[in-house]
Amino acid sequence: MTETANAATATSGDKTRKRLFIKTYGCQMNVYDSERMRDLLTPLGYEPAEAPEGADLVILNTCHIREKAAEKVYSELGRLRPLKEEKAAAGGAMTIAVAGCVAQAEGAEIRARAPVVDLVVGPQAYHKLPEFIANVHRGRGEALQTEFEVEDKFDALAAPARQIEGYSAFVTVQEGCDKFCTFCVVPYTRGAEWSRAVDQVTAEVRALAAQGVREVTLLGQNVNAYHGAPPAGREADGPWGLARLVRHLARIDGLERIRFTTSHPGDMDDDLIAAFADTPALMPYFHLPVQSGSDRILKAMNRRHTAADYLAIIERLRAARPDIAISGDMIVGFPGETEADFEATMELARAVNYAACFSFKYSRRPGTPGAAMAGQVDEAVKHERLLRLQALLGAQQEAFNASMTGRRLPVLFERAGRNHGQIAGRSPYLQAVHCDGPDRLIGQIAQVEITGASRNALSARLVPEETRAA
Ligand code: SAH
Ligand code: SF4
Ligand code: F3S
């Protein structure tokens, strides 16, 4: 990681303090990228600002997954324009950058439509931000850069340098996607699938653990397709899969919990299922999107698995780790979805019995095959189906949480609670847990007894010190 840190500092020039505001939309990948951009810009003198007013640099890190995503960006840019003018009137300058997936998808159009934007930068080019910003400052040339680069952006991005803000951190291990589900923009916005090397990920996680981070969530659009270069000295192994990476990271001192997201059913292998049984640090919570319970719709979605394939994976996971909590994603109203197809989705949800599940109305993404398909479903029908599905999934989540009452669970306390004297954290099953307790437990795992449950959280009391070891 030394080279990466040097690469970032080597670009530093102007050390005067500047204010940086980043607004992040979309998935955890963007949250992670925003933090890396912040780290990358710190050596240039940028300090985080809470609001765009008066900022020297504003970055909108955008998401393109929903319809009208681009429109939201344009209206945000409209709100920034007077702020930019105010700053100019006061003799300063506000640089406005659009990053993320809208930048990738709409590149040049953004600058044409919104002259207030100085810089458009796609996810593959963040390591060049200092250079682009310098270009803007010099007021010269084209600063547009959204092309995919062969060069590894992680080589240039700084290793996480922040002081601890939390005890749970996200680490990107894989990016991009080659699956081309017919509803999804990610293969177009994030490009082809690729994985970071095991050593690179390990160094980043080790640095986080040394700063006090107790839990990491490994991120990837298709994280279980991970196939990173093996560690130095282990070249003969060939690429390592996710299970091997997880077991390797589990040995890092101080790191107690590992999670990963998001997985695709087609990339499940026996080794990953076995890891849930043989690696205690791998938490018993698994997010495995299915999207639909109808084989006909799954085929139209190009998911490359059936409902039965999915259920068989869940069964094997439960055999390996009986208490595993399953979560997922579902889409209702994909083109051609009939009432019978929707009922198959409800049936699959009943069969799985989710601990948590996200559900969405199909939204037409320009440029994806789904958008051009016949049989687009009426908005009112989508809405009504979503309500029915959410009633079922909500009841399942509530029942899952209620089943925790009276149980003892280890909780990683991450922050002070809403009320004075309260602390809050997460159960192994990713449930939010609130309980009365001393601040000194923040950053630690402690045993609690669950005293109550709602759809979205658990309440608990600390198990007395004496019994905690048991
Ligand atoms: N790579 C992950 C996440 C993709 S986006 C995966 O393969 O699951 C996260 C979720 O958004 C998807 O699982 C899907 O349920 C939902 N989604 C993506 N595109 C959508 C669209 N056009 N309309 C509605 N929901 C969508
Ligand atoms: Fe999108 Fe499908 Fe790839 Fe997930 S697997 S990112 S839903 S194309
Ligand atoms: Fe959105 Fe891009 Fe993530 S489209 S969901 S921010 S990969």
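Helix α5, which spans residues 129–137, lies across strands β2, β3, β4 and β5 and runs at about 165° to β5. The structure described here is a predicted model.

**The sheet beneath helix α5**

The strands crossed by α5 belong to an open sheet of five strands, arranged in the order β2-β1-β3-β4-β5 with parallel pairing. The edges are taken by β2 (46–48) and β5 (119–121); each has a single partner strand, so one side of each is left without a neighbour in the sheet. From one strand to the next, the twist averages 25°.

Within this sheet, β3 and strand β4 (residues 95–99) run parallel and are joined by five bridges. One of the residues involved is Leu57, whose bridge partner in β4 is Thr95.

**The annotated cysteines**

Which residues does UniProt list under "binding site"? The unreviewed entry names Cys27, Cys63 and Cys101. These cysteines are spread over 75 residues of sequence, yet they cluster in space, with a largest C-alpha distance of 10.4 Å.

Cys63 is found in the loop that connects β3 (57–62) with α3 (69–89). Cys101, by contrast, is part of helix α4, which covers residues 100–113. Is Cys101 buried or exposed? Its relative accessibility is 9%, and because buried means under 20%, Cys101 counts as buried.

The contacts of Cys63 and Cys101 are set out below, not counting residues up to four places away in sequence.

| Residue | Residues touched |
|---|---|
| Cys63 | Tyr25, Gly26, Asn30, Ala69, Cys101 and Val102 |
| Cys101 | Thr62, Cys63, His64, Pro123, Thr189 and Arg190 |

Cys63 and Cys101 thus appear in each other's lists: Cys101 is among the residues that Cys63 touches, and Cys63 is among those that Cys101 touches. Cys101 also touches Thr62, a residue within the range given for β3 (57–62).

**A loop later in the sequence**

Asp439 is located in the loop between β16 (432–436) and β17 (445–453). What is the exposure of Asp439? Its relative accessibility is 54%, and because exposed means over 50%, Asp439 counts as exposed. Asp439 and Ala424 are separated by 15 residues in sequence, and their C-alpha atoms are 9.9 Å apart in space.

Conventions:
Residues numbered from 1 in each chain as written. Chains lettered and ligands numbered in written order. Predicted model: local features only at pLDDT ≥ 70, side-chain atom pairs only at ≥ 80, totals over all residues. Heavy atoms only, no water. UniProt positions renumbered as here; feature names shortened; annotations may be inferred. Helix = DSSP H or I, 4+ residues; strand = E, 2+ residues; numbered from the N terminus. Contact = heavy atoms within 4.5 Å. Buried < 20%, exposed > 50% of the residue type's maximum accessible area, 1.4 Å probe, protein only. Pairing = 2+ DSSP bridges. Axes fitted to C-alpha atoms, helices over the stretch in contact; angles between N-to-C directions.
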